[in-house]
Amino acid sequence: MATRVGYAMLFCFDALLAWISLTPSLARSIEDWTFHYVQVKCIRQETCIGVLAVHRITLALAVFHVVLGLMLLEVRNSRDPRASIQNGWWGPKILSLFAVIMAMFLLPSGVIVAWANYAAPLFAMAFIFLGLVLLVDFAHTWSETCLDEWERHGNDVWKYILVGTTLGSYMLVAVATVLLYIFFAPSYCTTNRALITCNLLLAVLLTVLCVHPRIQEANPRSGLAQCSMVLAYMTYLLASALMNRGDERCNPIARGRGESAQTTAAVLGAVFTFVAIAYSTTRAATHSRMLVGQAEGEIALDTEPMPLDATITTPPAPKNTLRIEAIRSAVAAGSLPQSILDEELQTQQGMEERTDASNDDERQGTRYNYTIFHFIFALAACYVAMLLTDWQSLHHESTSADSMTMYIGTSKVSMWIRIISAWLCAALYGWSLLAPALLPERFN
């Protein structure tokens, strides 16, 4: 747990540094700090430099985690010498991260523009898809946990929690849908209206599907609780996509209004990022423990106790160094053979190793896959970059690297990424409902 908290703190620091780089005063200073190596001709100079700085800093974090993930391939337990890289060496790792960040500012701006326009959105979408899978998994796990606690202990608190979260999520979806119709769907914005209506129809379809008798028969634990969480996240993705649309007539955010709504979307996106990271690593830890199995060599008591009047033929178990000294003196005097001392020393060494192993919960197997852990952080870094820059794209008017003139604009691709992600979320949840009914022999 301490290791994951440490990496989370590094992630927060990098994200905070990237966010600070968007401030105009810092953007003006970046050219001076890099001795005018980072110099870009841009229509909105400060904004361009700040956006590029965000992508440089988050790219450094992504490279940092990818390198760590590759270094930790096939690490099965803490007895592997490479495991110390994951759980220790924090000083060199922090210095390495700073070095990579500085190195990213030495890359030409054209490379960062290509990364920001193509690679970063692709990896950010991969993180969103991972979050969708985790969200559906969490929705089912949360509902089953509440039902199990309610049925096992008969505590009505769990019932109220389950009902409250379900009603709250449905109310949130209803209010958000009405607000989207009011502010983002005037009569001339047919695309926005179609997207909002499509999301509403999917919400009705999934709600009817989760309570259908055939679905309930195949999976009695399915219900409105899971569906409400999925619908809430789908609505959030839709709202975020509409806020990113470049058409000023259909987007009040693009007209310079609604800054508070944009800030709220960014905050919700940041919360989702950290929750997805924490939950994904926790689930990976759970599955790793299931695959590793129980440790061997467990200590057990003797089934037959030694009689009190039995003759002692072997020395007692070592408890401290005084016992070793006493046996060593007996060996020196010729009362005991040398083999007794050797066996005693080996026994004590074995006990010390077992004590050390009892304090190391990963000696028999890692609690989570180190490589996947770092790859998830790398994808999250790309998602944070797109979140901080509001999924804006960088465009250049000339192909010459020396006289590149850029401008920032909204990207239709990024808008459709989130819309398609919402539809994929609906498809994943719908399949999780239909699969037990369509393939009962596999789920039974």
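Me: In this predicted model, helices are DSSP runs of H or I with at least four residues, numbered from the N terminus; in which helix does Leu-209 lie?
Reply: The protein chain holds 16 helices and 3 strands, so the helix has to be picked out by its DSSP number, counted from the N terminus. Residue 209 falls within the run of residues 190–210, and Leu-209 therefore lies in helix α8.

Me: Is Leu-209 buried or exposed?
Reply: Apart from residues up to four places away in sequence, Leu-209 touches Ile-215, Gly-430, Leu-433 and Leu-434. The relative accessible area of Leu-209 is 18%, and because buried means under 20%, Leu-209 counts as buried.

Me: What distance separates the C-alpha atoms of Leu-209 and Leu-224?
Reply: These two residues stand 15 residues apart along the chain. Their C-alpha atoms are separated by 9.7 Å.

Me: Which helix gives the most to the largest nonpolar core?
Reply: That core has 71 residues, of which Tyr-233, Met-234, Tyr-383 and Tyr-429 touch the most other members. With 13 residues, the leading contribution to this core comes from helix α14, residues 370–388.

Me: Which residues does Met-234 touch, leaving aside those up to four places away in sequence?
Reply: Met-234 is among the members of the largest nonpolar core that touch the most others. With those sequence neighbours set aside, the residues in contact with Met-234 are Asn-199, Leu-202, Leu-206, Ala-422, Cys-425 and Ala-426.

Me: What percentage of the residues of the protein chain count as buried?
Reply: The protein chain exposes about 24,500 Å², with carbon and sulfur atoms supplying 65% of that area. Of its 444 residues, the part that counts as buried is 41%.

Terms used. Residues are numbered from 1 along each chain as its sequence is written. This is a predicted model: local features need pLDDT of at least 70, side-chain atom pairs count only at pLDDT 80 or more; totals for chains, interfaces and linings use all residues. Side-chain values use heavy atoms; hydrogens and water are left out. A nonpolar core is a set of buried Ala, Val, Leu, Ile, Met, Phe, Trp, Tyr and Cys residues joined through side-chain atoms within 4.5 Å. Buried means under 20% relative accessible area, exposed over 50%, partly exposed in between (1.4 Å probe, protein chains only). Helices (H or I, at least four residues) and strands (E, at least two) are DSSP runs, numbered from the N terminus. Contact means heavy atoms within 4.5 Å. Accessible areas come from the Shrake-Rupley method with a 1.4 Å probe; for residues, only the protein chains shown count as cover.
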